[in-house]
Amino acid sequence: ISYWYDFYNKLDECAACFPPGQSGYVLAMLGWHRETQERVDELLRDVSDVAKRAPNIKPVFLANSPNEEKLLKEHGLNAVFCHQNAFLDERHYKIIPGVHKQYDAIYIARITPFKRHELAAALPSLRLIGGWHDYEQEHYDKILSILPQADWKCKVRSRSIYREINAARTGLCLSEEEGAMFVSAEYLLCGVPVVNTPNLGGRDEMFTSPYALTVDPTPEAVAEGVRAQIEAQYDPELIRQAIIEKMQIHRRTFTDLVQSIYDQENINRDFSQEWPSVYTHKMGIRCSISPVRALQRRLQKGKLL
């Protein structure tokens with residue numbers, strides 16, 4: 001299991017891990033959405049290349065929305081609606097009872113144009129966490145100049161991010177398009193309601209009303225949405241419970257998917273019994289280990305995953 005491009009960019013090395021004649025599956029999270037024809041066409045070209053260079057590897061795509069699943073299937077790809085945010089380990093995200101709320105909103109996002117930080121301009125207090133690339137220096141300077149009220153920090157250790165989220169009254173999701181946005185679920189796991197804008201990418205599929213409020217993409221609408229979510233005074237435990245319930249649905253979908261592969265390949269194993277030993281935070285993607293090393297380690301353990 002891997003982000004598609006992490007796998008695709010290491011295709012030859014991954015294929016070489018398998019003994020001759022042995023097939024394998026890549027269960028691919030998409031990273032960036034595939035909800036437009038242009039994005040689907042890009043993926044089709046990649047899949048065609050994989051079929052030529054590594055015909056023993058079979059891609060299965062984990063779609064982040066029913067629409068994405070539908071589009072991929074219409075183009076002959078093997079896809080299942082199985083949301084990436086279901087693989088967050090909820091134990092990493094805690095509610096801190098009685099915590100002092102320092103900020104009206106927090107936005108954890110790289111300072112890059114598609115994240116649309118400018119939509120937070122009308123907020124009276126704001127916590128920003130996220131870095132930027134050197135080639136985005138001009139954009140970074142612009143954003144910090146129009147958000148003088150923001151308390152900015154480049155990086156926070158992943159195991160400490162829940163403390164930052166708990167210090168805010170709401171979490172922001174402001175991009176118009178991207179992937180499923182892990183942090184959109186991280187806010188909710190910390191019991192913090194979300195202010196969201198219309199988007200492509202699938203993050204809304206894990207939202208539960210009224211804990212996530214979608215507003216027009218203007219600074220005024222975002223500020224009003226933040227005020228409304230703060231005034232609602234939701235129970236943080238109910239916010240957390242709602243997202244975990246949705247996560248469990250997609251984890252069952254994933255378990256059923258792997259079991260279907262076992263059955264198709266005549267592997268006499270019950271994946272539901274193996275799940276506790278296989279599951280790890282984000283399923284290990286982007287966790288300081290390359291797809292090749294992960295694959296080698298899993299094959300050495302005799303696991304399909």
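This tour moves from the whole chain to its cysteines.

Begin with the complete chain, bearing in mind that the model is predicted. In cartoon representation, coloured by secondary structure, the chain shows 11 helices and 10 strands. Next, select the C-alpha trace and align the view with its principal axes, along which the trace spans about 60 × 40 × 35 Å. The radius of gyration is 20 Å, which agrees with the value near 19 Å that a compact globule of 305 residues would have.

Now switch to a contact display. Of the contacts with a separation of 6 or more, 70% join residues that lie 24 or more positions apart.

Then colour the residues by relative accessibility. Buried residues make up 52% of the 305 residues. With the surface shown, the accessible area comes to about 14300 Å², and carbon and sulfur atoms contribute 49% of it.

For the charges, select the Lys and Arg side chains together with those of Asp and Glu. The chain carries 37 positive and 40 negative charges, and the mean positions of the two sets are 7 Å apart.

Finally, select the cysteines. How many disulfides does the structure hold? The count is 0. Zoom in on cysteine 17, whose closest cysteine sulfur belongs to cysteine 14. The distance between these two sulfurs is 5.9 Å, and they are therefore too far apart for a bond, the cut-off being 2.5 Å. Cysteine 17 counts as buried because its relative accessibility is 17%, under the limit of 20%. The last stop is cysteine 154, which is partly exposed, with a relative accessible area of 29%.

How values were computed. Residues are numbered from 1 along each chain as its sequence is written. This is a predicted model: local features need pLDDT of at least 70, side-chain atom pairs count only at pLDDT 80 or more; totals for chains, interfaces and linings use all residues. Side-chain values use heavy atoms; hydrogens and water are left out. Helices (H or I, at least four residues) and strands (E, at least two) are DSSP runs, numbered from the N terminus. The radius of gyration is taken over C-alpha atoms; the globule rule is 2.2 Å times the number of residues to the power 0.38. Buried means under 20% relative accessible area, exposed over 50%, partly exposed in between (1.4 Å probe, protein chains only). Contact means heavy atoms within 4.5 Å. Accessible areas come from the Shrake-Rupley method with a 1.4 Å probe; for residues, only the protein chains shown count as cover. The place of a charge is taken as NZ of Lys, CZ of Arg, CG of Asp or CD of Glu.
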